[in-house]
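Me: I'd like to learn how to read a protein structure, one feature at a time. Could you walk me through this one?

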Amino acid sequence: MAITRWEPFHWEPMREIEHLQRRMNHIFERMFPSGNGGVSALNFIPSAEMEETADAVRLRLEIPGLESKDLNVEVTEESVSISGDRKSETTTEEKGIVRSEFRYGKFERLIPLPAHVQNDKAQAEYKNGILILTIPKVEGEKKKSVKINVA
């Protein structure tokens, strides 16, 4: 006669919970990849501001401490992808004590656009840590004002 181990908590709903936990762990691992020794490090995510006008979509992103050559900007008809590798070091000396801080890591941000745009006519400017993208809308997406007579 074979001996089987009784596991009172190993019933169907528990398997679903374990599956959900594995999926959540996978999502968090993708959002916060493990760094040195398995310790998770929070990735840098640039702050963004979007303005939509009748003719274009304008994005402003705060990405301090980088040079324009360190940025990778890709524009599709429906979204903007910004990525780069952030490296910065600050050193201060006060009363004979030297303090040095390092910040580094890759970042990426994908921003969906509210309208279809002419991605081949996008313009970018990076100055003082602010990236400004101006992307003209597709001709059919431009909102035209039409006067309506009310009877």
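Me: Let's begin with contacts: leaving aside neighbours within four places in sequence, which residues is Ala 56 in contact with?

Reply: Contact means heavy atoms within 4.5 Å. By that rule, Ala 56 touches Glu 51, Thr 134, Ile 135, Pro 136 and Lys 137, once its neighbours within four places in sequence are set aside. One thing to know early: this is a predicted model, where local features need pLDDT of at least 70, side-chain atom pairs count only at pLDDT 80 or more, and totals for chains, interfaces and linings use all residues. Residues are numbered from 1 along each chain as its sequence is written, and side-chain values use heavy atoms, leaving out hydrogens and water.

Me: Is Ala 56 buried or exposed?

Reply: Buried means under 20% relative accessible area, exposed means over 50%, and partly exposed is in between (1.4 Å probe, protein chains only). Ala 56 has a relative accessible area of 13%, so it counts as buried. In the protein chain, 19% of the 151 residues are buried.

Me: What about positions far apart along the chain?

Reply: Take Ala 56 and Gln 118: they are 62 residues apart along the chain, and their C-alpha atoms are separated by 9.1 Å. For the protein chain, look at contacts between residues at least 6 apart in sequence: 51% of them join residues at least 24 apart.

Me: How many helices and strands does the protein chain have?

Reply: Helices (H or I, at least four residues) and strands (E, at least two) are DSSP runs, numbered from the N terminus. Here you get 1 helix and 7 strands, in the pattern α-β-β-β-β-β-β-β along the sequence. Ala 56 belongs to strand β2.

Me: How do I read strand pairing, and what does β2 pair with?

Reply: Strands of a sheet pair through backbone hydrogen bonds, either parallel or antiparallel. As for the cut-off, two strands pair if DSSP finds at least two bridges between them. Strand β2 (residues 56-62) pairs with β1 in the antiparallel sense over 6 bridges, and with β7 (residues 130-136), also antiparallel, over 7 bridges. β1 and β2 form a hairpin with 3 residues between them. You can check single partners too: Ser 47 stands opposite Glu 62, Glu 49 has Arg 60 as its bridge partner, and Val 57 is matched with Ile 135 in β7.

Me: In what order do the strands of that sheet lie?

Reply: It's an open sheet of 4 strands, ordered β1-β2-β7-β6, with antiparallel pairing. At its edges are β1 (47-52) and β6 (123-127), each pairing on one side only.

Me: Which strands form the sheet of 3?

Reply: That open sheet runs β3-β4-β5, again with antiparallel pairing. Its edge strands, β3 (71-75) and β5 (97-112), each pair on one side only. 5 bridges join β3 to β4 (residues 79-94), and Val 73 stands opposite Ile 82 in β4.

Me: Last one: which residues make the nonpolar surface patch?

Reply: A patch is made of residues with over 30% relative accessible area and no salt bridge (a side-chain nitrogen of Lys or Arg within 4 Å of a carboxyl oxygen of Asp or Glu); like charges are joined within 9 Å, and nonpolar side chains (Val, Leu, Ile, Met, Phe, Trp, Tyr) within 5 Å. In this model, Leu 20, Met 24, Ile 27 and Phe 28 make a nonpolar patch of about 370 Å², an area from the Shrake-Rupley method with a 1.4 Å probe, where for residues only the protein chains shown count as cover. Leu 20 lies in helix α1 (residues 12-31).
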